[in-house]
Every structure is written in C-alpha cells, then in structure tokens.
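Hi,

Here is the structure I promised you. Have a look at it first, and then read on for what turned up when I went through it.

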Number of protein chains: 2
Amino acid sequence: MAETGLARFSAREVAKRIGYSIGTLYNVFGSYDGLMLALNARTLALWAEHLRDRLAAAGEDRIKALVCGYFEFARDNPKAWIAIYEHHMADGGPAPESYQALAADLMSVAAGEVARELPDSRPETVLALTRSLVATVHGHCAFALYRTFSMLGETAPADAALARVRETLEAARRP
Amino acid sequence: MAETGLARFSAREVAKRIGYSIGTLYNVFGSYDGLMLALNARTLALWAEHLRDRLAAAGEDRIKALVCGYFEFARDNPKAWIAIYEHHMADGGPAPESYQALAADLMSVAAGEVARELPDSRPETVLALTRSLVATVHGHCAFALYRTFSMLGETAPADAALARVRETLEAARRP
DNA sequence: CACCAGAAATGAACAGCGTTCAATTAAAAT
DNA sequence: ATTTTAATTGAACGCTGTTCATTTCTGGTG
C-alpha cells in the first residue's frame with residue numbers, strides 16, 4: 001500500500017507478494033474490505049504511536065508537537081494515510097467497532113492536550129473543540145498531500161494549521 | 001456518479017445509460033481520467049455557481065453565506081463532491097491547466113470575501129489566509145461527509161467551521 | 001441517382017480485478 | 001495406520017479500463 005497507493009492496491013497482488021494464493025487471503029480476511037480494514041487499523045495504530053512518541057519527547061509546546069506529529073506521519077506515509085480516508089465499506093456502512101475504537105483513541109490523544117490547554121473548560125466543551133481542531137488540521141494536511149496547496153502557492157501548511165489551532169485555543173481562553 | 005459514487009462508477013455503465021458503446025465513450029473522452037475530469041470539472045463549476053448565488057442573495061453576513069454555501073453543496077451532492085477529491089490521475093501527475101483554473105476560480109470566490117473582511121491587508125496576506133480558511137472549512141466538511149464527525153458525536157460541523165473562520169478573521173484584524 | 005471521402009460508432013479481445021467454493025493438501029488426534 | 005480437522009489451492013464468474021480493426025453513418029460531388 002505504501003508503495004502503490006490505494007488505487008493500484010489489490011488483494012491479488014498482496015497474495016502474490018506474500019507467497020499465498022488469493023483463496024487463502026480471502027479465508028483469512030474474508031473480503032477486500034476486511035483486508036483494507038486490517039491494513040488501515042495498523043496505520044491508525046502506528047499514527048497514534050507516533051503522536052504519543054512526539055508528545056513524550058516534547059518540551060513546553062505540546063500543541064506544536066501534536067500538530068507537527070500529525071503532519072509528519074502523513075508526510076512520511078502519504079499513501080497509507082490517504083488510504084485511511086479514501087477506503088469506504090462496500091455497503092457504505094460504518095466500520096466495525098474495533099476499528100472505530102482506534103480512531104477514537106487517536107482523537108483522545110488530541111483531546112488530552114486540548115484539556116491541558118483549557119483546564120477550566122467542561123469535558124464536553126473540550127471534546128467539541130478537539131473535534132473541530134482535528135478537522136482544521138486534517139483539512140490543512142489533506143490539502144498538503146493532495147497537492148491542492150502547492151497548486152495554490154502554499155508552502156507551509158503545517159505552520160498555517162498550527163496558527164489556526166493557536167487562535168482557536170486563545171479564543172477559547174477569553175471570557 | 002451522484003447515484004453510485006466513485007467506487008461503483010464505471011465508464012462502461014455510463015456508456016450503457018447514455019445509449020452509446022464503450023468505444024465511442026473512449027473516442028470522446030480518451031480515457032477514464034478524461035471522463036472523470038470532465039465530470040469533476042462540471043461539479044466544480046456548479047459548486048462555484050452555487051457559492052456565487054448564495055453570496056448574491058446574502059445579507060450582511062457574507063462569510064456565513066460562504067461557509068454555509070460550501071457545506072450545502074457538499075451535502076446536496078455528496079458523492080460528486082467526494083469524487084472531486086478522491087479521483088487521482090492514473091500517472092499521479094497534476095490535472096490539466098483548464099481544470100486547475102476551475103479550482104482557482106472557486107478559491108477566488110473565497111478570497112474576494114476575505115479581502116472584503118480585511119480591507120487593510122496586503123493581497124498576498126489575503127491569499128495565504130484564504131487558503132488556510134478554505135482548508136479549515138474543507139476539513140470540517142470532509143469529516144461531516146465521511147461520517148467521522150457523527151462517529152465522534154459532532155452534530156453541527158458547519159457551525160463549528162464558521163466559528164473557526166470567525167476566530168481567524170478576528171485575529172487577523174487585531175494589531 | 002450513384003459514388004465516395006471523412007467522421008462517427010462499434011464490440012470483440014486482452015489483462016486485470018474481487019469473490020466463491022469444490023477439491024486438494026497438510027497437520028493433528030486417535 | 002487411520003481418521004478427523006485445519007489449511008490451502010486455483011479455476012471459474014462477472015466485472016473493470018483499454019485498444020483498435022471493422023463497420024456504419026453522413027454530407028458532398030459528379
């Protein structure tokens with residue numbers, strides 16, 4: 001996946017490369033969706049691990065570490081990162097609970113830092129703000145990876161995202 | 001496309017429905033990429049038209065009209081909207097100039113409103129801020145359509161996006 | 001009308017895809 | 001050695017994008 005990207009990714013090619021038949025792959029993963037889910041779950045877990053590592057090594061500016069960690073992982077694993085968002089269940093339904101738990105874990109990493117920045121806010125407020133901030137960073141990161149930004153002359157999407165996050169946190173601290 | 005979504009969309013099915021053979025479709029559009037580009041170009045043009053309509057009918061709060069127009073179009077044409085972002089050229093290269101011009105036009109609609117909000121800012125600053133604001137709104141809109149938000153309990157993504165945009169514009173006005 | 005050049009349209013053929021499943025092979029238990 | 005269970009296989013099906021020699025249509029000329 002990291003090599004070919006979602007569009008050229010295929011279960012048959014995976015079977016070839018691991019030295020098993022396509023039938024065995026289907027016995028294990030059940031379907032293409034199952035294979036993709038396993039793969040994306042791994043990517044999500046690696047992403048969360050990367051963020052926690054960055055936070056553990058961070059100094060005072062933990063928000064910067066978080067936002068930069070977000071961008072770093074996407075930049076270092078662009079095709080796997082994009083696959084997370086571009087794969088959709090064949091039936092259009094939601095992903096299984098175990099997968100959603102990984103996404104929720106990733107969100108909780110961010111929520112922890114937002115809560116630290118806004119110690120006087122209600123947990124409900126912190127969660128709502130976290131969702132919005134993650135969406136903000138995601139938008140910048142997506143435009144960076146889809147080359148929408150480079151097409152428009154943007155050169156430092158991570159800096160812009162961090163500035164937006166800082167503004168929002170500052171506004172939330174005001175009376 | 002509006003009916004099936006990108007994943008189930010196929011040139012062969014298009015040929016069937018319009019009553020032409022698959023060969024004729026390829027004579028006209030050259031490739032699957034060509035067909036997709038024509039389709040996405042139409043979606044971009046309709047989107048820009050929708051935004052201009054909303055702005056023309058807007059009262060004082062033109063920023064709200066812009067952000068809401070962004071979300072409305074995506075919500076009313078979810079599969080076509082997603083196709084804009086999820087289709088990638090077969091060779092991974094950039095889209096043709098004529099297509100990029102449509103994306104630039106869409107951005108210029110937003111830039112016009114940002115410039116109106118920040119009359120004392122240099123054009124360069126306005127453009128950079130517009131890119132970042134569009135990325136912010138896009139992130140919220142993408143999470144709304146990908147059901148990432150509903151999975152996390154968010155109920156009013158457009159309101160959150162508008163709040164983020166207002167904060168940034170306010171911060172840009174400060175000394 | 002017949003003729004013909006150019007444009008338009010065709011669909012079989014090819015390689016690849018996800019998916020299924022009866023048949024086969026390998027491993028474990030008796 | 002025999003039986004039972006687990007693991008593995010790959011041909012077959014219908015779908016995909018793509019190509020291109022062939023056919024059909026169309027408008028103009030003599």
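A polar atom in the side chain of A:T24 sits 2.9 Å from a phosphate oxygen of DNA strand D. Bear in mind as you read that this is a predicted model. A:S21 also reaches a phosphate oxygen of strand D, in this case with a backbone N or O atom at 2.9 Å. Chain B takes part too: a backbone N or O atom of B:A11 is 3.0 Å from a phosphate oxygen of DNA strand D. The elements that put two or more residues on the surface near strand D are α2 (22-29) of chain A, plus α1 (11-18) and α2 (22-29) of chain B. Of these, α2(A) gives the most, with three residues.

In total, 13 residues surround DNA strand D, and the closest are A:T24, A:N27, B:R12, B:Y26 and B:Y32. Of the strand D atoms that come within 4 Å of the protein, 52% belong to sugar and phosphate. Sorted by class, the surface near strand D has five nonpolar, six polar and two charged residues.

Now for the other strand. Which residues are closest to DNA strand C? They are A:R12, A:Y26, A:Y32, B:S21 and B:T24, out of 13 residues that surround strand C. Sugar and phosphate make up 56% of the strand C atoms that come within 4 Å of the protein.

Three of the contacts to strand C are worth pulling up on screen:

- A:A11 has a backbone N or O atom 3.0 Å from a phosphate oxygen of DNA strand C.
- B:S21 has a polar backbone atom 2.8 Å from a phosphate oxygen of DNA strand C.
- B:N27 goes to a base: an N or O atom in the side chain of B:N27 is 3.2 Å from a base nitrogen of DNA strand C.

On the surface near strand C, at least two residues each come from α1 (11-18) and α2 of chain A and from α2 of chain B. Here α2(B) gives the most, with three residues. By class, the residues near strand C divide into five nonpolar, six polar and two charged.

On to the protein itself. Chain A has nine helices and zero strands, and its C-alpha atoms fill a box of roughly 60 × 35 × 30 Å along the principal axes.

How are the two chains related? Chain A superposes on chain B by a rotation of 180° with 0.0 Å of shift along the axis, and the RMSD is 0.0 Å. The two copies are therefore related as by a two-fold rotation axis. If you want to find that axis in chain A, go to A:G139, whose C-alpha is the nearest to the axis at 1.8 Å. Both copies use the same surface, with 100% of the contact residues of chain A recurring in chain B.

Then there is the interface between the chains. In it, 33 residues of chain A are in contact with 33 residues of chain B. The two chains bury about 2,900 Å² between them, and 61% of that is on carbon and sulfur atoms. On the chain A side, A:R131, A:F143 and A:L152 lose the most area to chain B, together 20% of what that side buries.

What about polar links across the interface? The rule finds 16 residue pairs in polar contact between chain A and chain B, with both residues at pLDDT 80 or more. The elements giving two or more residues to the side of chain A that touches chain B are α5 (78-86), α6 (97-117), α7 (123-145), α8 (148-152) and α9 (157-173). The largest share, twelve residues, comes from α7(A). By class, that side of chain A has 16 nonpolar, nine polar and eight charged residues.

As for salt bridges, the rule finds two across the interface of chain A and chain B. One of them is between A:E154 and B:R131, where the closest N and O atoms are 3.0 Å apart.

That's what I have for now. Have fun with it!

Definitions and conventions
Residues are numbered from 1 along each chain as its sequence is written. Chains are lettered from A and ligands numbered from 1 in the order in which they are written. This is a predicted model: local features need pLDDT of at least 70, side-chain atom pairs count only at pLDDT 80 or more; totals for chains, interfaces and linings use all residues. Side-chain values use heavy atoms; hydrogens and water are left out. Contact means heavy atoms within 4.5 Å. Buried area is the accessible area (1.4 Å probe) that two parts lose on being put together, summed over both. A salt bridge is a side-chain nitrogen of Lys or Arg within 4 Å of a carboxyl oxygen of Asp or Glu. A polar contact is a pair of N or O atoms within 3.5 Å; within protein, one must be able to donate a hydrogen and the other to accept it, and residues adjacent in sequence count only if both atoms are side-chain atoms. Helices (H or I, at least four residues) and strands (E, at least two) are DSSP runs, numbered from the N terminus. Ala, Val, Leu, Ile, Met, Phe, Trp, Tyr, Cys and Pro count as nonpolar, Asp, Glu, Lys and Arg as charged, and the others, Gly among them, as polar. A residue is near a molecule or strand if one of its heavy atoms lies within 4 Å of it. Copies are superposed by least squares on the C-alpha atoms of residues with pLDDT of at least 70 in both.
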